Each structure stands twice: as C-alpha cells, then as structure tokens.
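Thanks for coming. I will walk through one structure, a few places at a time, and I will keep it short.

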Amino acid sequence: MAAAAAAAAASTPVKSGPVPFKDIDDGSVPEHTPKEEFSDLVTGLPCRHLSISELRLYQGFWLSAHWVPGTVVFQRRFTPRPDDVILASPPKCGTTWLKALAFAVAARGAYPPTCAGHPLRRLNPHDCIPFIEDVFAGGEEAKLDLLPSPRLMNTHLPYTLLPETVTSGGCCRVVYICRDLKDMVVSMWHFFGPSLPGLSFDDMFESVCDGTAGFGPVWDHVLTYWRASVAHPDRVLFLKYEDLLRDPAHNVRRLTKFMAQPFSAAEEAAGAVAAVVELCSFDNMKGLEVNKTGTSGAYVGYARDSFFRKGIAGDWANHMTPEMAARLDDIARDKFRGTGLTFT
Ligand code: A3P
C-alpha cells in the first residue's frame, strides 16, 4: 500500500511550495527590528506579569510584550497571497499537529507522506512552517517573501487582530484549531511552567479563568474564529483537537478540501489519507530523532520533545479538582452560550 500511495501522490501536480521555512532561512538577522520602532506604543499599553512573562493588553487581548511590535507590523504591512493558508490557534491546542498535517497534505505532490526524505522526518513541524509573530517580532518578514506559493504560516493571534488584508478580502484561507479549555490549561502548565519560576498550577489556572493568560481571554479568541467560520466557511475552517483525535482521516479530508487540494480517487484508493495521518500521528512524530533533541522557536527556543507530551483528551482529570473543572466548564458554557459552539 505504501508504494501505491507514493505513486498516486507523485502523480499529482508538483507545486513549487510549500517548502520548509528552515530551508529558506539563512539565519541572517536584520539590523532594524520593529521592537525599537514601536516601543512607545508597547510601553503605553496596560501591563501585567505572569511570573517573569510580561503581557500587554493590545486590542482586547493579552499578548507577550515581545510580540506586540511584530503584531503591529504584521497588521500594517503583511501582503497576503491568494493561496496563502494561515494556521491559527491558542497556544497548546494542537498547533504542532495542525502544522504537520497541513504541511503533509500541501506538500504531498513533491513529498509523498511515505517517502523517506520527507521534510517532516528531518524537521520539527515548527521548523517547516513559520510562526508569524516570531518572524515579524524579529524584523524578519522579508523571509516570508522567499517562500514559494502556496505559503503556510501560523499565528496565535485572534481573528480580530489579523491584518484587514487577510480578514476583509477574498485572499487567504485560515484554519483554526482549539481544544477543551481544561486540557489546554494542563498542557500550558507542562509547557510553560518550567520557564516561569514560582508559577503554580493554580496560578496558571487562575490566569486562564480571568482571561489574562497569553493570547487570552481564550473564550474571546475562540469566538473570533468561530464567528468568522460561521460567516465565511469558505475562508475559515474551525477544527477541534478532540475531533481530530476521534477521526483524524475525516478531518484530514476536510482540511484538504478546504485548502482546495482534495485527495484524488487514485490517492484515496492508494491509502494516501492514512499515510498522512500516520506520518503526523503523535507516536510517529514523538518517536522521530529530530523531535527528541534540540529546540525550535526564535524568541524562546523550546525543547522539541516538549511539543509532544501525552497527545490525549481528558488529562485534566489528573490535574484539577472537580471544583476547578466545573468552574472552567461553567465559564466556557457561559461564554459560548447561544453561539452553537460546544466542547463535548
Ligand atoms: P498535551 O500537552 O495535552 O499532551 P501545541 O502544538 O499547540 O503546542 O499543542 C500541544 C499539544 O498537542 C500537546 O498536548 C501535545 O502533546 C499535542 N500534540 C502534539 N503533536 C501531536 C500529534 N501529532 N497528535 C496529537 N497531539 C499532538
């Protein structure tokens, strides 16, 4: 089946993109960064701290101070291309998985998912797809111009903070992923906790509940994309991590259709969907040598193995009291009431 999948995928038209971001990134750092350009704007914004992390309230959301200037430049100067795909998410909600899946399906013409030389076997998904805030905060946006189309990029910004060029025109598709807020808190705690001295699980939980955790309030974040996906289903695809766990193949097909790259009958028959799912599966990704060592991320270099923890739904039960779980569920129910959005 693997050979047939490779043959079928190889028969689809080869596009020039996407190519892994790491392969076009020469490591050069520009002299002038937006950090200096917008420092007055940043210092004028409401501020709070989560341990050593400085957050600023920008257009209704708590962003890491480091990323505010980059966000402003992104909003003002980003020029989308019609076939750009932006992957969006709150932190710790399945970004890495979505990046792997989107890259695997978009690049399958050049790189069949079963091929030994697949970029996802030598690079972490975060090194294949650039994190927009990081790129702009570092003043490195010119590197995005080097990416051949179709470009894949990701952001943790809410929909309302994306550039108008992205949200108002017929340009660009956006794929969003989120998850049950309780599992998000647990995942945040394990991922960010070690770099935030003195921060307890309760502190992390409280910051999510009061809306001040990074990129929060998370319910507003989710609703910006939910509403956009309802209003413009052709432009915004809304995915849930739990749905992907339950039925990855179905959701991979949804993703490819949305990205206007549906699997052909030959690919379907050859098992290409299963091959993509397998390539990007938690066990496969976690087991790859490249994901066991080193770091990814420009501003903070996160250990690559920390992106792959448990990869399940419901781990909150091992970390929260029933009262904490009920409190967060009540917040979600209250905030999402009447919108049609549920996490069950
Ligand atoms: P847990 O901490 O609950 O295990 P993000 O990529 O947005 O940082 O989200 C990280 C979460 O996604 C972590 O959840 C991580 O284990 C999980 N994850 C990463 N890769 C995955 C994959 N291929 N399949 C399923 N879950 C994955």
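What follows is a tour of the ligand site, two helices, a few residues in the interior and some backbone details. One thing to keep in mind throughout is that this is a predicted model.

Let me begin with the ligand. How many residues surround the ligand, and which are the closest? There are 17 of them, and the closest are Lys92, Thr95, Thr96, Ser187 and Lys310. Sorted by class, that shell contains seven nonpolar residues, six polar ones and four charged ones. The largest share of the shell comes from helix H6, with three residues.

Three polar approaches to the ligand can be listed by atom. Lys92 places a polar side-chain atom 2.6 Å from one of the ligand's oxygen atoms. Cys280 comes in with its backbone: an N or O atom there is 2.9 Å from a nitrogen atom of the ligand. Lys310 also uses a polar backbone atom, at 2.7 Å from a ligand oxygen atom. As for cover, the ligand taken alone exposes 560 Å², and the protein buries 97% of that.

Stay with Lys92 for a moment. Lys92 sits in the loop between E4 and H6. Is Lys92 buried or exposed? Lys92 counts as buried because its relative accessibility is 15%, and the cut-off for buried is under 20%. The backbone of Lys92 is worth a look too, with a positive phi of about 65° in a residue that is not a glycine. For background, most residues other than glycine have a negative phi.

Next is helix H6 itself, which covers residues 95–106. H6 has twelve residues and runs 16 Å from its first C-alpha to its last, close to the 16 Å expected at 1.5 Å a residue. Why can we call H6 largely enclosed by the rest of the structure? Because twelve of its twelve residues are buried. Among them are Thr95 and Thr96, which we already met as two of the closest residues to the ligand.

Trp97 is also part of H6. Trp97 has a relative accessibility of 16%, so it counts as buried. Leaving aside residues up to four places away in sequence, Trp97 touches Tyr241, Leu244, Leu245 and Cys280. Cys280 is the residue whose backbone came up at the ligand. There is also a distance to note: Trp97 and His126 are 29 residues apart in sequence, and their C-alpha atoms are 9.8 Å apart in space.

The other helix I want to mention is H5, which spans residues 68–77. H5 is mostly covered, with eight of its ten residues buried. The buried ones include Val68, Pro69, Phe74 and Gln75.

After H5 comes a loop that leads to strand E4, residues 85–88, and Asp84 lies in that loop. Asp84 counts as buried because its relative accessible area is 0%. What does the side chain of Asp84 pair with? The partner is the side chain of Arg151, through a polar contact of 2.7 Å. Beyond its sequence neighbours up to four places away, Asp84 touches Phe78, Arg151, Met153, Cys172 and Arg173.

A second residue to set beside Asp84 is Thr155, in strand E5. Thr155 has a relative accessibility of 0%, so it counts as buried. The side chain of Thr155 makes a polar contact of 2.9 Å with the side chain of Glu133. With residues up to four places away set aside, the contacts of Thr155 include Ile86, Leu87 and Ala88, as well as Leu162 and Tyr225.

Last, some backbone details. Which peptide bonds should you look at for a cis form? One runs from Ser149 to Pro150, with omega near -5°. Pro150 lies in the loop between helix H10 (142–146) and strand E5 (152–155). Another cis bond runs from Gly216 to Pro217, with omega near 5°. Pro217 is in the loop between helices H13 (201–209) and H14 (218–231). In general, most peptide bonds are trans.

Ala260 gives us another positive phi outside glycine, near 60°. Ala260 belongs to the loop between helix H16 (248–258) and helix H17 (265–270). Ala260 counts as partly exposed because its relative accessible area is 48%.

That is the end of the tour.

Notes:
Residues numbered from 1 in each chain as written. Predicted model: local features only at pLDDT ≥ 70, side-chain atom pairs only at ≥ 80, totals over all residues. Heavy atoms only, no water. Helix = DSSP H or I, 4+ residues; strand = E, 2+ residues; numbered from the N terminus. Buried < 20%, exposed > 50% of the residue type's maximum accessible area, 1.4 Å probe, protein only. Polar contact = N/O pair within 3.5 Å; in protein donor to acceptor, adjacent residues only side chain to side chain. Contact = heavy atoms within 4.5 Å. Expected span 1.5 Å × (residues − 1). Near = heavy atom within 4 Å. Areas by Shrake-Rupley, 256 points an atom, 1.4 Å probe, with all protein chains shown as cover. Nonpolar A, V, L, I, M, F, W, Y, C, P; charged D, E, K, R; others polar.
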